[in-house]
Amino acid sequence: MAETRYDILIWGATSFTGERLVEYLAINAPAEATVAIGGRSRAKLEDLKTRLAAKHSQTTVSISNMDIVVGDSMDQEQMNLIAAKARVIASTVGPYSVYGTNLVRACVEQKTDYCDITGEVPWARQMNKELNAKAEQNNVHIASLCGFDCIPADLGCMMLAEYAKRELGKPLLHVKGSIVGIRGGVSGGTLATAVTQMSGMVKLAMKGMFKRSSADSSSGDSNRVLTKRFSRNMIHYDKTLRRWQTFWAMSDINRMTACWAGRVLDYGPGFTYAESMSTKGLIHAVIIAVGFMYGAIFLGFGFIRNILYATRAIPRSGEGPSEEFTKSGFFSLHLEAFTESDVFYGKVSGNSDPGYGETIKYLGESALCLAFDTDDSFRPGVYPPSVIMGDALLRRLRDKGCQFEIGKAPVSARKAVDVEKKDN
């Protein structure tokens, strides 16, 4: 008799993000769901169960009854055995280019659906190149990029593209995203992953400050006129929001993901996406961009990180923002969408720390969506979440209070400032 599979396995459950995902699924998964926790250390997993079971005495899914699965992410044979134990695996173990490849390969081989919160788009694209054909053949759904990078931009652009085709009868050509308000923290695990990508991000920021951005196009060089029309400097004045814009650390990650989905879902010819962050003025915009570049350079040196760890200026692995801080966080992403002759607007926002409160919600609902909502509309393969889960995931997130809205009028400059000042 074949072994019964868990509905969801949380891989990396003892990480800062993984622990919060255990809590989220214990509270939000249906009572009949079977959830297991996994990682390298049985002792740490046992301790996690004990602590969280005492903290949450009554949950929909009992934490004390969650089984433990132990394995080494670097061992392909162990990953194959672990993938065979679950219908869906939600992974919080990064950097994914180091610790994620064997697990994704195992999931495709064992016909196990998968989601993660990586922001490592080149790695996700490499997994697509290597495994997409086999995943489609096995009817497996591998959804990377299911955190704050890149759900807001990814599902936001999908929402706008569907509106353009349904209501306007026109393809979507470009979306301009702007973070108009945000408050959030960072964990040690996220910082470790970011350090591995810092050099590329610094080059992007330096290039963008002095040169017009070359927005990634969903059809390569097939529509250079549109690419030129929507290009802009990294630091620029947004006439719609009436605010100066500057470099946003996640802009390149979100741009690549939105344009990847745009190609697969055919938003429109030459579809492009660009993203920046609103600031209080030109001087503020320059300070943020320059500060990011120097900060990224300094963090690239191990001895500087060690000093910052010792003084607790930055979090170590397993550390992150408190529950109180997470609850006080928020973000608001303003979207301006263009067809050939129309302009309309969208808004994506969340009412908790985007990197943890919202990310946990995004990943948890992605896992639940794959476990309990899958039907013929889900596209098998290795893709961003919009391509695989689409409207099913969008409905789930809206039901959990995530705002994904469309309107004919933009967020005003005054409202944008109010959003930024909220709870400050």
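**Two sheets and their helices: a conversation**

Colleague: Let's start with helix α10: is α10 mostly covered or mostly open?

Modeller: In this predicted model, I would look at how many residues of α10 are shielded. Buried residues number 11 of the 15 in α10, among them Ile-253, Ala-258, Cys-259 and Trp-260. On that count, α10 is mostly covered.

Colleague: Nice. What end-to-end reach does α10 have, and what residue with a positive phi comes just after α10?

Modeller: At 1.5 Å a residue, the 15 residues of α10 are expected to give 21 Å, and the reach from first C-alpha to last is close to that, at 21 Å. Just past the helix, a positive phi of about 60° belongs to Asp-266.

Colleague: Which helix packs against α10 at an angle of about 40°?

Modeller: Let's follow the residues that touch. On the α10 side they are Asn-254, Thr-257, Ala-258, Ala-261 and Leu-265, and they meet Ala-153, Asp-154, Cys-157, Met-158 and Lys-165. The axes lie 9 Å apart, and the crossing is right-handed. The partner at about 40° is α7.

Colleague: Why is α7 described as largely enclosed by the rest of the structure?

Modeller: Helix α7 covers residues 151–168, and its end C-alpha atoms are 24 Å apart, in agreement with the 26 Å that its 18 residues should span. Right after the helix comes Gly-169, with a positive phi near 65°. As for enclosure, α7 is largely enclosed because its buried residues number 13 of 18.

Colleague: Now for the sheets. Which strands are at the edges of the parallel sheet?

Modeller: This open sheet has 7 strands, paired in parallel and ordered β3-β2-β1-β4-β5-β6-β13. From one strand to the next, the twist averages 20°. A strand at the edge pairs on one side only, and that describes β3 (67–70) and β13 (381–383).

Colleague: Which residue of β13 is the bridge partner of His-141?

Modeller: The strands to look at are β6 (residues 141–143) and β13, which pair in the parallel sense. The two strands share 3 bridges. For His-141, the partner in β13 is Gly-381.

Colleague: Which helices lie across β3 and β13?

Modeller: Taking β3 to begin with, the helix lying across it and β2 (35–39) covers residues 42–55 and runs at about 155° to β3. Across β13 and β5 (113–116) lies a helix of residues 121–138, running at about 160° to β13. Those two are α2 for β3 and α6 for β13.

Colleague: How are α5 and α6 oriented to each other: roughly parallel or roughly perpendicular?

Modeller: Helix α5 (residues 101–110) packs on α6 with the axes 9 Å apart and an angle of about 15°. Angles under 35 degrees count as roughly parallel. The crossing is right-handed, and residues including Val-104 and Val-108 of α5 meet residues including Met-127 and Leu-131 of α6. By the angle, then, α5 and α6 are roughly parallel.

Colleague: And the mixed sheet: which strands there have a single partner strand?

Modeller: In this open sheet, 7 strands follow the order β8-β9-β10-β7-β11-β12-β14 with mixed pairing. Neighbouring strands are turned against each other by 30° on average, ignoring direction. Each edge strand has one side without a neighbour in the sheet, because a single partner is all that pairs with β8 and with β14 (403–407).

Colleague: Is His-236 buried or exposed?

Modeller: His-236 sits in strand β8 (residues 236–238). Beyond its neighbours within four places in sequence, its contacts are Lys-176, Arg-243, Trp-244, Gln-245 and Ser-276. Its relative accessibility is 12%, and the cut-off is under 20%. His-236 therefore counts as buried.

Colleague: Gln-245 is among those contacts. Which residue of β10 does Gln-245 stand opposite?

Modeller: Strands β9 (residues 243–246) and β10 (residues 272–278) run antiparallel and are joined by 2 bridges. Opposite Gln-245 in β10 is Ser-278.

Colleague: Last one: which helix lies across β7, β11 and β12?

Modeller: The strands involved are β7 (174–183), β11 (330–338) and β12 (343–350). The helix across them covers residues 354–372 and runs at about 70° to β11; this is α14.

Methods:
Residues numbered from 1 in each chain as written. Predicted model: local features only at pLDDT ≥ 70, side-chain atom pairs only at ≥ 80, totals over all residues. Heavy atoms only, no water. Helix = DSSP H or I, 4+ residues; strand = E, 2+ residues; numbered from the N terminus. Expected span 1.5 Å × (residues − 1). Buried < 20%, exposed > 50% of the residue type's maximum accessible area, 1.4 Å probe, protein only. Pairing = 2+ DSSP bridges. Axes fitted to C-alpha atoms, helices over the stretch in contact; angles between N-to-C directions. Contact = heavy atoms within 4.5 Å. Parallel < 35°, antiparallel > 145°, perpendicular 65-115°, else oblique. Left-handed = near helix turned anticlockwise from the far one by under 90°.
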